[in-house]
Structures are given as structure tokens and as C-alpha cells.
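Me: I am new to this structure. Please take a close look at one part of it, and then place that part in its surroundings.

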Amino acid sequence: MDKQLRELLKATFDRELTPDEDIGLSNAMQSSLELQEEKKHFEKVRVVMKKYHPAFKQTFVAGVMARIAGEKESQNAQGFVVAFYRIALPLLAAASVLLLFSLFNNGGITFDSILGVENLEPQYLSEFLLFNY
């Protein structure tokens, strides 16, 4: 069967054919049993489709909305990850530089030098710890 004739047959269900199209289709229908069978098939499909009324379950809308909310949360989480890398990694590099500077400046790393209290005298330790920064 010619594809153009098949498309013309489908078009008869949706729009009015031009006079030339109508004559060409009528002549083809008279000479082709296959085209006549195709028309019957299209008519049956249209009848079935008119009776068909799809319905969604009650949980469908809730499920779709939950997935949308999940996508939004995922996008927000991605924003936090990007912000973390932009802030945390430079801070880590700065802390590493300061630690190395302390190492080379003092000749070694001690717990007191890391905390910055290596020059603090013991009698002033309580004042240092209780000071409200």
C-alpha cells in the first residue's frame, strides 16, 4: 500500500479532503482491498479510543510531587557541595600554609604551637581560656 494513500486515509478522519485528494482516494479505495481493510481498522481504533478514558490512581499526583521535591533537594544539596569546595578547600590550603609556617618558624610542631599557646605562661592560662572572644 502506498504510504501517501495511507496518510490520506488517516486524514479523512481529521479534516476535509480537497477535491483532488478525495477523487484520488476514492479511486484507490475501489481498486484496493488492503486500503479498504485499513479504513475498517482505523474506524475500529477510533471507536475504541472514544470509549477509552484514562484515569490516574490517587497516589499518582503525590508520587510526582514527591519526586519533584526530591529533585529540588538534590539540586540544593549540589549547591552546598559546590559552596563547600569553594570555601573549605581554600581554607584548608591556608591552614596548611600556616601550619607549615609554624613548623619552620619554631623548628617543630607541638600541640601548644598548633593551639598558639606556646609562649603563654601557666599562670595566665585560665584567663586565656576564659576570655570571651
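The reply below looks at the nonpolar surface patch and then moves out to the rest of the chain.

Reply: First, some ground rules. This is a predicted model; local features need pLDDT of at least 70, side-chain atom pairs need 80 or more, and totals for chains, interfaces and linings use all residues. Numbering starts from 1 along each chain as its sequence is written, and side-chain values use heavy atoms, without hydrogens or water.

Now the patch. Six residues make it: Phe56, Phe60, Val61, Val64, Met65 and Ile68. Together they form a nonpolar surface patch of about 590 Å². (Such a patch joins Val, Leu, Ile, Met, Phe, Trp or Tyr side chains within 5 Å, each with over 30% relative accessible area and no salt bridge; like charges would be joined within 9 Å. Areas come from the Shrake-Rupley method with a 1.4 Å probe, and for residues only the protein chains shown count as cover.)

Take the patch residue Ile68. Ile68 sits in helix H4, which covers residues 58-106. (A helix is a DSSP run of H or I with at least four residues, a strand a run of E with at least two, numbered from the N terminus.) Is Ile68 buried or exposed? Neither label fits: Ile68 is partly exposed, because its relative accessible area is 39%. (Buried means under 20%, exposed over 50%, and partly exposed lies in between, with a 1.4 Å probe and protein chains only.)

The patch also holds two aromatic rings that pair. The count for the model is three aromatic pairs. One of them is Phe56 with Phe60, a stacked pair with 4.4 Å from centre to centre and 15° between the planes. (Rings of Phe, Tyr and Trp, the last by its six-membered ring, pair if their centres lie within 6.5 Å; planes under 30 degrees apart are stacked, over 60 edge-to-face, and the rest tilted.) Phe56 counts as exposed because its relative accessible area is 63%. Phe60 reaches 40%, so Phe60 is partly exposed.

Compare another aromatic pair. Phe84 and Tyr85 meet edge-to-face, at 5.7 Å centre to centre and 65° between the planes. Phe84 has 51% relative accessibility, so Phe84 is exposed. Tyr85, at 47%, is partly exposed.

Next, the chain that carries the patch. The chain has six helices and zero strands. Read from the N terminus, the elements run α-α-α-α-α-α. The C-alpha trace spans about 115 × 35 × 25 Å along its principal axes. The radius of gyration is 40 Å, while a compact globule of 133 residues would have one near 14 Å. (That radius is taken over C-alpha atoms, and the globule rule is 2.2 Å times the number of residues to the power 0.38.)

The surface comes next. Of the 133 residues in the chain, 11% are buried. The chain exposes about 11,800 Å², and carbon and sulfur atoms supply 62% of that area. What does a buried residue look like here? Leu35 offers a case: its relative accessible area is 1%, so Leu35 is buried. Leu35 lies in helix H3, residues 33-51. Its C-alpha atom is 8.3 Å from that of Leu9, and the two residues are 26 apart along the chain.

Charged side chains give another view. The whole structure holds five salt bridges. (Each needs a side-chain nitrogen of Lys or Arg within 4 Å of a carboxyl oxygen of Asp or Glu.) Among them is Glu7 with Lys10, whose closest N and O atoms are 3.5 Å apart. Glu7 and Lys10 are three residues apart in helix H1 (residues 3-11), so about one helical turn separates them. Glu7 is partly exposed at 40%, and Lys10 is partly exposed at 31%.

A second bridge reaches further along the chain. Asp14 and Arg46 meet at 3.4 Å, N to O. The pair links distant parts: Asp14 is in the loop between H1 and helix H2 (19-31), Arg46 is in helix H3, and these positions lie 32 residues apart in numbering. Asp14 is exposed at 63%, whereas Arg46 is partly exposed at 33%.

One more salt bridge joins Arg15 and Glu21, at 3.2 Å, N to O. Arg15 is partly exposed, with 42% relative accessibility. Glu21 is also partly exposed, with 23%.
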